[in-house]
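Visitor: I have the coordinates open and would like to talk through some charged side chains. Could you walk me through them?

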Amino acid sequence: MIYSTEVQHMCPIAKGAYHGPAPIPEEGKWVQAKQISDISGLTHGIGWCAPQQGACKLTLNVKEGVIEEALVETIGCSGMTHSAAMASEILIGKTLLEALNTDLVCDAINTAMRELFLQIVYGRTQTAFSEGGLPIGASLEDLGKGLRSQIGTMFATKEKGPRYLEMAEGYCTRVALNAENEIIGYEFINLGKMMDFIKKGDEPAAALEKAKGQYGQFDNAAKYVDPRQE
C-alpha cells in the first residue's frame, strides 16, 4: 500500500472504540454484516430498461450470500423472455456480489438485480423478521397452482371505453355490462388449469369449459361482449 508523503509524516493517533456496523434484520435475527456470506433473505424487486419498453420482476432467495433460488418474470418486451431464460441460469449459485457485477442479458433484469441488492444488504427483505427465512422454492407460491405470473392487461379508448383482456384469474373471454353499458363482471379462463386438464387427458374444448370462471355480477348482466372483438 502506498502512502502520500503528507500521511507518512503524520503522527499516529489511536482510533478508539470500534462498535462495528449497525445490525440489520435477517430471517428473524439481527446481524452485523461484514462480508457477503453474512447476508440471507428472500425478496422481490422491479427493474426497467432504458427505453422503458419492458419491466422485470425478480425474486431471489439468498442463503449465506449465495443465490439459491431465482424467479424471473417479464412483461412488455418479446426479447426479454429469452433474456430471462438466460438470467435464470446465470443467477443461481452466484454470490450477491457476483450477480450484481454479472451481465444478466437485459437492462430490466440488471436493474431489478440492483434494486434487490439494495434491499437485501440494507436488511429490507420480505423475510427480515421471519425466523429461518423461507425454504428454497418459496417464490413459486406467488404464482399459484397454475404456475403463471399474475398478469393484468387492460386497453381503453375515450371513444369506446375499457376492455378487460387479462386479469390475475386468467384470460378474459367475456365482459358483463348492465343496462347503462357499465362493466359489472367478467368471464375468464385460467390457462394454467386448462393446460393441466389437457395434460391429464381432457379434450381441449372440455378443458376450456372446466377452466372457466366468473367474477362480479356476471349472471345479472344486460349484455355480454367479447373484449377482443366488440
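**Salt bridges and their surroundings**

Guide: Happy to! At 67% relative accessibility, Lys199 counts as exposed. Keep in mind that this is a predicted model.

Visitor: Which residue forms a salt bridge with Lys199?

Guide: Look within helix H5 (residues 191–199), where the partner sits 3 residues from Lys199, about one turn of the helix. The partner has a relative accessibility of 28%, so it counts as partly exposed. The closest N and O atoms of the pair are 3.5 Å apart, and the partner is Asp196.

Visitor: Is Glu166 buried or exposed?

Guide: Glu166 has its place in strand E7 (residues 161–167). Buried means under 20% relative accessible area. Glu166 has 17%, so Glu166 is buried.

Visitor: With which residue does Glu166 form a salt bridge?

Guide: The pair links distant parts of the chain, with the partner 18 residues away in the loop between helix H4 (107–121) and E6. That partner is partly exposed, with a relative accessible area of 36%. The closest N and O atoms are 3.5 Å apart, and the partner is Arg148.

Visitor: How far apart are the closest N and O atoms in the salt bridge of Glu187 with Arg174?

Guide: Glu187 is in strand E9 (residues 183–189) and Arg174 in strand E8 (residues 170–177), 13 residues apart. Glu187 is buried at 7% relative accessible area, whereas Arg174 is partly exposed at 31%. The closest N and O atoms of this salt bridge are separated by 3.1 Å.

Terms used. Residues numbered from 1 in each chain as written. Predicted model: local features only at pLDDT ≥ 70, side-chain atom pairs only at ≥ 80, totals over all residues. Heavy atoms only, no water. Helix = DSSP H or I, 4+ residues; strand = E, 2+ residues; numbered from the N terminus. Buried < 20%, exposed > 50% of the residue type's maximum accessible area, 1.4 Å probe, protein only. Salt bridge = Lys/Arg side-chain N within 4 Å of Asp/Glu carboxyl O.
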